[in-house]
Amino acid sequence: MADFNLTLPESSTFILMGIPGLEVAHIWISIPFSMLYIISLLGNSMVLFVVSKEQTLHKPMYLLLCMLALTDIAVSTSVMPKALCIFWFNLKDITVGGCLTQMFFLHSVSIMESAVLVTMTFDRYVAICKPLRYATILTNARIAKLGLVGLIRAVLLILPLPLLLSRQPFCANHIIPHTYCEHIAVVKMSCGDTTVNRMYSLVMAFVVTGLDLTLVALSYSLIIRAILRISSKKAYKKALNTCTAHFCVAMTSFTLFFFSALTHRFGQHIPLHVHIILANLYVLLPPILNPIIYGVKTKELYDKLVKYTCRR
């Protein structure tokens, strides 16, 4: 990807400080962070491998799960390699183009993940509320098209953030007290008027993601109503299990997103090192929890995972 047109003649680099105040503990902090990152990669890669190998899992629900696994890998990988380089090798420099590119990928993949969660909710709604029409409404091809729409939406919504920042004059102090280039952290480096940047990011955080969350809540109100009407105990339990898995994943992702966004903008009294640790956990915990939740709560996927992990 070509670098953005930057207005930094004096300096073309930022310095990511890692976790300010805990520099001496960076090497120790890196141990749980690296372990969590590896676990997330292994868990999501295992889901992708099993679904790709098993023809019986080539269904809309599992294709969506693969999309979620890919976004989880992309979110953590956009942040953790650079963070670990800071912790292990003290490599704190990052070019402005690299910083804006990291910011673009991080936030666009986060918006993409939100779209995937909404689509997964729609999948469960059709499966529970309109089971006889499920095969005609949700085909694999249609799921692929919905995924493409979600990707295009994410790119179009997030692209203005780095483009607006690339036109800003930056102050002499290029030190970012963070492990990665989060949008608001980079905005604070600007000496110009950042009202548009701040307002646009606020709209992105609360209007777009809030709309996605509203759609999820509305769908689940209809799903719960339909589940309560199921007379068969076996069918009731199966429907509840599959919906519980997705509900847990959605609530985990949306809760962590809004908590991170709110603390960054309004948590002035929260110690900086606490905020940065929480911001890193935001990109690590969902990628770890999502495959675990689906692996445990979805019997068909669980059986296939056991089959491959226990094979000699």
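These legends accompany several close-up views of a predicted model.

**View 1. A nonpolar patch on the surface.**
Here we look at a patch formed by Ile-27, Trp-28, Ile-31, Met-35, Ile-39, Trp-88, Phe-89 and Leu-91, which together have about 870 Å² of accessible area. Two elements give two or more residues to this patch: helix H1 (26-53) and helix H3 (80-89). The most comes from H1, with five residues. One of the patch members to pick out is Ile-27, whose place is in helix H1. Ile-27 has a relative accessible area of 41% and is partly exposed, because that class runs between 20% and 50%.

**View 2. Helix H1 crossing helix H12.**
Two packed helices are described by the angle between their axes and the distance between the axes. For H1 and helix H12 (residues 299-309), the axes come within 10 Å and the crossing angle is roughly 100 degrees. Angles from 65 to 115 degrees count as roughly perpendicular, so H1 and H12 belong to that class. On the H1 side, the residues that meet H12 are Met-46, Phe-49, Val-50, Val-51 and Lys-53. Their counterparts in H12 are Leu-301, Lys-304, Leu-305, Tyr-308 and Thr-309.

**View 3. The salt bridge between Glu-54 and Lys-307.**
Side chains of opposite charge can pair when their charged atoms come close. In this view Glu-54 and Lys-307 form a salt bridge, with 2.8 Å between the closest N and O atoms. The pair links distant parts of the chain, since Glu-54 sits in the loop between H1 and helix H2 (60-77) while Lys-307 belongs to helix H12, 253 residues apart. Is Glu-54 buried or exposed? Glu-54 is buried, its relative accessible area being 7%. Lys-307, by contrast, is partly exposed at 38%.

**View 4. A second link from helix H12, and a network.**
Glu-300 and Lys-59 also meet through their side chains in a salt bridge, at 3.3 Å from N to O. Glu-300 lies in helix H12 and Lys-59 in the loop between H1 and H2, so this pair ties together parts that are 241 residues apart in sequence. Glu-300 has a relative accessible area of 29%, which makes this residue partly exposed. Lys-59 is partly exposed as well, with a value of 36%. While you are in this region, look for the network in which Glu-54, Lys-304 and Lys-307 are joined by salt bridges that share partners.

**View 5. The salt bridge between Asp-123 and Arg-124.**
Zooming in on another charged pair, we find Asp-123 in a salt bridge with Arg-124. The closest N and O atoms of this pair are 2.8 Å apart. Both Asp-123 and Arg-124 are buried. For the model, the count of salt bridges comes to five.

**View 6. Helix H3 and the residue just after.**
The buried residues in H3 are Met-80, Lys-82, Ala-83, Leu-84, Ile-86 and Phe-87. What do the buried residues of H3 pack against? They pack against strand S1 (13-16), H1, H2, S2, helix H4 (96-129) and helix H11 (272-297). Just after H3 comes Asn-90, with a positive phi of about 60 degrees. Most residues other than glycine have a negative phi. Asn-90 is found in the loop between H3 and strand S2 (93-95).

**View 7. Leu-117 and its contacts.**
The residue at the centre of this view is Leu-117, placed in helix H4. Its relative accessible area is 1%, so Leu-117 is buried. Setting aside neighbours within four places in sequence, Leu-117 is in contact with Leu-68, Val-216, His-246, Val-249, Ala-250, Ser-253 and Phe-254. Leu-68 is 49 residues from Leu-117 in sequence, and their C-alpha atoms are 7.7 Å apart in space.

**View 8. Ala-74 and Arg-133.**
This last view turns to Ala-74, which lies in helix H2. With 28% relative accessibility, Ala-74 counts as partly exposed. How many residues apart in sequence are Ala-74 and Arg-133? They are 59 residues apart in sequence, and the distance in space is 33 Å from C-alpha to C-alpha.

Conventions:
Residues numbered from 1 in each chain as written. Predicted model: local features only at pLDDT ≥ 70, side-chain atom pairs only at ≥ 80, totals over all residues. Heavy atoms only, no water. Patch = residues over 30% accessible without salt bridge, like charges linked within 9 Å, V, L, I, M, F, W, Y side chains within 5 Å. Areas by Shrake-Rupley, 256 points an atom, 1.4 Å probe, with all protein chains shown as cover. Salt bridge = Lys/Arg side-chain N within 4 Å of Asp/Glu carboxyl O. Helix = DSSP H or I, 4+ residues; strand = E, 2+ residues; numbered from the N terminus. Buried < 20%, exposed > 50% of the residue type's maximum accessible area, 1.4 Å probe, protein only. Axes fitted to C-alpha atoms, helices over the stretch in contact; angles between N-to-C directions. Parallel < 35°, antiparallel > 145°, perpendicular 65-115°, else oblique. Contact = heavy atoms within 4.5 Å.
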